[in-house]
Amino acid sequence: MKISIFKTITFTLLSTVVISCSSNDDMVTDAKPQAHSETSKEASKTKTYKVRFGLISLNGTKTLSGSHDVGSFLAENTVTGEVYDTYYSGGFQTLPAYYEGIPAGTYIFSAMQGQGGWTGYGSVTGTVSDAQVDADGYITVYIPVTWAE
């Protein structure tokens, strides 16, 4: 009796192991590869640009140097509304400021007041494309200072 119970339990365990270790072809054939959407294909093909930010002083002088009371330089796409910024938590940024990875398009470029609130900034609208890339490989954008204390 003990031998037949042992044989039955052994047979059941072996059958369970064999069944669980069988081929999983059914699971593999049911899984279909995911196709990338057209949107993701286009996104991976999108060319991006490096933007260099500077300032135009109250007297009209362009500058790409110095530490200024700028919290962030912004680039807002006029079609998508997507905003790219150079946010710096210290409140002052050293020029030039850079942003890499802006896709082609038309943008409103501006700057936000920094920590001190001593300077106000205007905005400029410009196009990001191959035609604006300078010899250094950047698109340089100058944001006008509108007031300063």
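This passage describes the fold, strand pairing, nonpolar core and aromatic contacts of one protein.

The model is predicted. It contains three helices and eleven strands. Along the sequence, the elements follow the order α-α-α-β-β-β-β-β-β-β-β-β-β-β. The protein has 149 residues, of which 26% are buried. Its exposed surface is about 10100 Å². Carbon and sulfur atoms contribute 58% of that area. Among contacts with a separation of 6 or more, 62% join residues 24 or more positions apart.

Strand pairing was examined next, beginning with S1. Strand S1 covers residues 48-56. S1 pairs with S11 in the parallel sense, over six bridges. Within this pairing, Arg-52 stands opposite Thr-140 of S11. S1 also runs antiparallel to S7, and six bridges join the two strands. Here the bridge partner of Val-51 is Tyr-99 in S7. With strand S2 (residues 62-63), S1 runs antiparallel over two bridges. Ile-56 stands opposite Lys-62 in S2. S1 and S2 form a hairpin, with five residues between the strands. Gly-60 lies in the turn and has a positive phi of about 95°.

S11 has a further pairing, with strand S9 (residues 119-121). These two strands are antiparallel and share three bridges. Tyr-121 stands opposite Val-145 in S11.

Thr-48 lies in strand S1. At 41% relative accessibility, this residue counts as partly exposed, because the partly exposed class spans 20% to 50%. Thr-48 touches Gly-101, Ile-102 and Pro-103, leaving aside residues up to four places away in sequence. The C-alpha atoms of Thr-48 and Pro-103 are 4.2 Å apart. In sequence, Thr-48 and Pro-103 are separated by 55 residues.

The nonpolar interior was then considered. In soluble globular proteins, nonpolar side chains tend to be buried together. The largest nonpolar core in this model has 20 residues. Phe-53, Leu-55, Phe-73, Phe-109 and Ile-143 touch the most other members. At least two core residues come from each of S1, strand S4 (70-77), S7, S8 and strand S11 (139-148).

Leu-55 illustrates the contacts of one core residue. Residues up to four places away in sequence are again not counted. Leu-55 then touches Thr-61, Lys-62, Thr-63, His-68, Val-70 and Phe-73, among others. Its contacts also include Leu-95, Tyr-121, Tyr-142, Ile-143 and Val-145. Of these contacts, Phe-73 and Ile-143 are also among the core members that touch the most others. Tyr-121 and Val-145, both touched by Leu-55, stand opposite each other in the pairing of S9 with S11.

Aromatic contacts were also examined. A pair of aromatic rings is described by the distance of the centres and the angle of the planes. The structure holds seven aromatic pairs. One of them joins Phe-53 and Phe-109 in an edge-to-face arrangement. Their ring centres lie 6.1 Å apart, with 65° between the planes. Phe-53 belongs to strand S1 and Phe-109 to strand S8 (residues 105-113), so the pair ties together parts that are 56 residues apart in sequence. Both Phe-53 and Phe-109 are buried.

Tyr-84 and Tyr-99 form another edge-to-face pair. The distance is 5.6 Å centre to centre, and the planes meet at 65°. This pair links distant parts of the chain, 15 residues apart. Tyr-84 lies in strand S5 (residues 83-85), and Tyr-99 in strand S7 (residues 97-103). The two tyrosines fall into separate accessibility classes. Tyr-84 has 10% relative accessibility and so counts as buried. Tyr-99, at 22%, counts as partly exposed. The cut-off for buried is under 20%. Tyr-99 is also the bridge partner of Val-51.

Ring pairs link Phe-53, Phe-73, Tyr-84, Tyr-99, Tyr-107 and Phe-109 into a cluster. Phe-53, Phe-73 and Phe-109 appear both in this cluster and among the core residues that touch the most other members. A charge-ring contact involves Lys-50 and Tyr-138. The charged end of Lys-50 sits over the ring of Tyr-138, 4.9 Å from its centre.

Terms used
Residues are numbered from 1 along each chain as its sequence is written. This is a predicted model: local features need pLDDT of at least 70, side-chain atom pairs count only at pLDDT 80 or more; totals for chains, interfaces and linings use all residues. Side-chain values use heavy atoms; hydrogens and water are left out. Helices (H or I, at least four residues) and strands (E, at least two) are DSSP runs, numbered from the N terminus. Buried means under 20% relative accessible area, exposed over 50%, partly exposed in between (1.4 Å probe, protein chains only). Contact means heavy atoms within 4.5 Å. Accessible areas come from the Shrake-Rupley method with a 1.4 Å probe; for residues, only the protein chains shown count as cover. Rings of Phe, Tyr and Trp (its six-membered ring) pair if their centres lie within 6.5 Å; planes under 30 degrees apart count as stacked, over 60 as edge-to-face and the rest as tilted. A charge sits over a ring if NZ of Lys or CZ of Arg is within 6 Å of the ring centre and within 35 degrees of the ring normal. A nonpolar core is a set of buried Ala, Val, Leu, Ile, Met, Phe, Trp, Tyr and Cys residues joined through side-chain atoms within 4.5 Å. Two strands pair if DSSP finds at least two bridges between them.
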